[in-house]
Amino acid sequence: MSGTKLLDAIRAVVGARGLLTDPADTAAYTQDWRRLYQGRTPAVIRPADTAELAEVVRLCAAARAPLVPQGGNTSMVGGATPDADGSQLVLSMARLNRVRAIDPIDLTMTIEAGVTLKAAQVAAAEANCLLPLSISSEGSAQIGGVLATNAGGNNTVRYGNARDLVLGLEVVLPDGQVWNGLRRLRKDNTGYCLRQLFVGSEGTLGVITAAVLKLAPRPRETAVALCAVGSAEAALELFSRFQAHDPGAVQAFEFMSGIGVGFVLKHIEGAVLPLGQAGGPGRPGSAGQAGVQYVLVELATPRPDGGLRAMLEAVLEQALGDEIVMDAAIAESEAQRAAIWRLREEHSEAQKREGASVKNDVSVPVSKVPEFIRRATAACEALMPGIRAVPFGHLGDGNIHFNLEQPEGGDPAWFLAQDHSIMDTVNAVVRALDGSFSAEHGIGRLKPYMMPDWRGGAELGIMRQIKHALDPLGIMNPGKVLP
Ligand SMILES: Cc1cc2nc3c(=O)[nH]c(=O)nc-3n(C[C@H](O)[C@H](O)[C@H](O)COP(=O)(O)OP(=O)(O)OC[C@H]3O[C@@H](n4cnc5c(N)ncnc54)[C@H](O)[C@@H]3O)c2cc1C
């Protein structure tokens with residue numbers, strides 16, 4: 001089938017509203033959030049439901065036309081961007097946006113892939129439940145994208161990754177068949193666990209169209225504090241103290257370098273640091289060594305008489321006395337809580353405005369986080385004088401976003417061209433500490449070249465066999481995940 005005939009056939013399925021071909025309309029779908037990749041596409045297909053989507057995939061399989069599933073297009077690794085040859089069709093999930101059911105007794109939500117994570121959280125809250133997945137991009141990221149990347153985020157320390165929240169999936173397979181696995185069972189040992197195959201597969205094995213997610217009871221009490229600490233070691237010590245006190249209460253434990261918070265204060269309008277002089281922003285370049293670093297700790301409980309505030313104060317008072325914490329501010333209102341979280345949530349945006357950055361989303365054993373930050377900072381500074389390490393992220397689960405900002409006044413294009421040598425420098429430290437080069441952002445288009453080195457031999461062989469078994473024509477998100 002020619003390209004034009006295929007698009008005509010697709011239009012007959014999804015209607016004129018479901019097919020964008022004008023470059024002015026498709027432009028937003030062909031560039032990734034980080035602006036690392038500029039692709040081309042003949043069309044963006046926007047099916048309205050699973051049946052339409054399945055028919056589209058059947059047509060594309062018959063025509064051997066490659067498809068790139070796209071959710072909120074917030075991938076940090078270029079996973080949802082078509083390549084530059086102009087043959088890949090973008091499959092947008094935006095119109096599959098219904099919450100199908102919420103059951104507060106089962107504590108489950110059945111939801112379509114195109115619902116944004118934020119809208120899903122709101123729907124859960126309206127049913128007096130909590131969808132315990134929270135990431136800075138939740139206003140744009142969609143349920144399908146979040147599952148396809150096995151997103152982690154701020155609450156992993158307590159509730160696990162997206163993977164841990166999935167009970168069932170509905171998936172359109174690469175030949176157009178629909179697999180309805182929308183079960184909401186807590187126990188179901190009936191052969192291989194297919195749903196987990198699609199979670200984290202980044203659109204390379206099929207298209208997730210709906211999911212059953214686990215909910216949690218809605219917290220009745222929350223307490224948030226921002227703490228200034230003198231080092232990542234002190235941040236880890238503080239984490240251990242909270243965990244020892246009540247591990248079930250720690251909902252988020254986020255680390256931020258002084259330089260990263262400095263970027264947020266510089267670039268994000270209205271951002272403020274609610275700390276006195278002792279907790280002032282660290283001096284530039286101090287990441288991982290000296291200078292002020294920050295920790296955001298959030299405690300939550302569904303118990304009505306949780307006593308969280310008292311617990312927060314008790315742990316912080318002791319830590320201040322022991323000089324683990326230099327200064328701390330506890331949020332007294334929802335507005336103050338949001339202002340503290342803003343310092344963390346705006347890190348990516350602030351770094352983008354500061355200049356070009358090379359991102360590393362790595363994990364190491366929690367106990368090794370301080371050593372990782374120290375060694376990786378030193379290694380990068382040795383590689384490139386003036387480079388600025390901006391580590392931040394989910395210290396509570398060992399996942400640090402070790403981002404490197406270009407030297408001040410340097411050429412962004414030249415800096416970005418060094419990405420492989422910078423990532424390799426960081427990853428040498430990650431490997432020495434038994435970590436992973438991709439903790440929560442996935443592989444996408446940016447990192448398949450690392451797979452043979454990190455996941456070679458039997459592991460990569462099995463992945464290739466799975467890909468071939470499900471997608472023998474290779475039409476699902478080509479060029480992503482596997483080298
Ligand atoms: C500011 C910012 C902060 C972020 N913070 C975090 C964080 O804390 N934790 C974290 O884990 N990630 C984070 N991310 C990364 C990103 O938001 C997540 O990877 C998110 O899960 C992607 O969702 P999306 O809908 O935007 O997916 P997209 O970017 O559209 O797609 C991501 C991948 O999933 C595939 N895909 C999308 N939808 C489907 C579907 N329905 N079926 C099959 N495949 C599909 C795509 O082909 C692509 O490979 C952040 C990103 C930004 C920009």
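Where is Leu395 found? In this predicted model, Leu395 is found in the loop between strand S18 (388–394) and S19, and the legends below begin with that residue before turning to other parts of the chain.

**View 1. Leu395 and the residues around it.** Although Leu395 belongs to the loop between strand S18 and S19, this residue is buried, with a relative accessible area of 0%. Residues up to four places away in sequence are not counted in the following list: Leu395 touches Ala235, Leu236, Phe239, Phe253, Phe255, Val366, Val369 and Ile400. The C-alpha atom of Leu395 is separated by 8.7 Å from that of Val157, and these two residues are 238 residues apart along the chain.

**View 2. Strand S13 and its partner strands.** Strand S13 covers residues 250–256, and because 7 of its 7 residues are buried, this strand is largely enclosed by the rest of the structure. S13 pairs with strand S14 (residues 293–301) in the antiparallel sense over 6 bridges, and within this pairing Ala252 of S13 stands opposite Glu298 in S14. S13 is also joined to S18 by 2 bridges, and here again the strands run antiparallel; the bridge partner of Phe255 in S18 is Gly393. Phe255 is also among the residues that Leu395 touches.

**View 3. Gln351 in helix H12.** Gln351 has its place in helix H12, which comprises residues 347–354, and with a relative accessibility of 1% Gln351 counts as buried. The side chain of Gln351 is joined to that of Asn403 by a polar contact of 2.9 Å. When neighbours within four places in sequence are left aside, the residues in contact with Gln351 are Phe263, Ser357, Lys359, Val390, Phe392, Asn403 and Glu405.

**View 4. Helix H15 and the elements packed against it.** Helix H15 (residues 419–432) has 14 residues and reaches 20 Å from its first C-alpha to its last, which is close to the 20 Å expected at 1.5 Å a residue. The buried residues in this helix are Ile422, Met423, Thr425, Val426, Asn427, Val429 and Val430. An α-helix has 3.6 residues a turn, so residues three or four places apart point the same way. The buried residues of H15 pack against several strands, namely S16 (357–358), S17 (361–363) and S19 (399–405), and they also pack against helices H13 (369–383), H14 (412–417) and H16 (451–455). Just after H15, Asp434 takes a positive phi of about 60°.

**View 5. The sheet of S1, S2, S4 and S3, with helix H3.** In this view, 4 strands form an open sheet in the order S1-S2-S4-S3, with mixed pairing. Strand S1 (19–20) and strand S3 (67–70) stand at the edges, where each has a single partner strand, so one side of each is left without a neighbour in the sheet. Strand S2 (residues 44–45) and strand S4 (residues 89–92) run parallel and are joined by 2 bridges, and Val44 stands opposite Val90 in S4. Helix H3 (residues 50–63) lies across S2, S3 and S4, and this helix runs at about 165° to S4.

**View 6. Two buried cysteines.** Cys227 is buried, with a relative accessible area of 0%, and Cys380 is likewise buried, with a relative accessible area of 0%. A disulfide is a covalent bond between the sulfur atoms of two cysteines. A search of the whole structure finds 0 disulfides.

Key: Residues numbered from 1 in each chain as written. Predicted model: local features only at pLDDT ≥ 70, side-chain atom pairs only at ≥ 80, totals over all residues. Heavy atoms only, no water. Buried < 20%, exposed > 50% of the residue type's maximum accessible area, 1.4 Å probe, protein only. Polar contact = N/O pair within 3.5 Å; in protein donor to acceptor, adjacent residues only side chain to side chain. Contact = heavy atoms within 4.5 Å. Expected span 1.5 Å × (residues − 1). Disulfide = S-S within 2.5 Å. Pairing = 2+ DSSP bridges. Axes fitted to C-alpha atoms, helices over the stretch in contact; angles between N-to-C directions.
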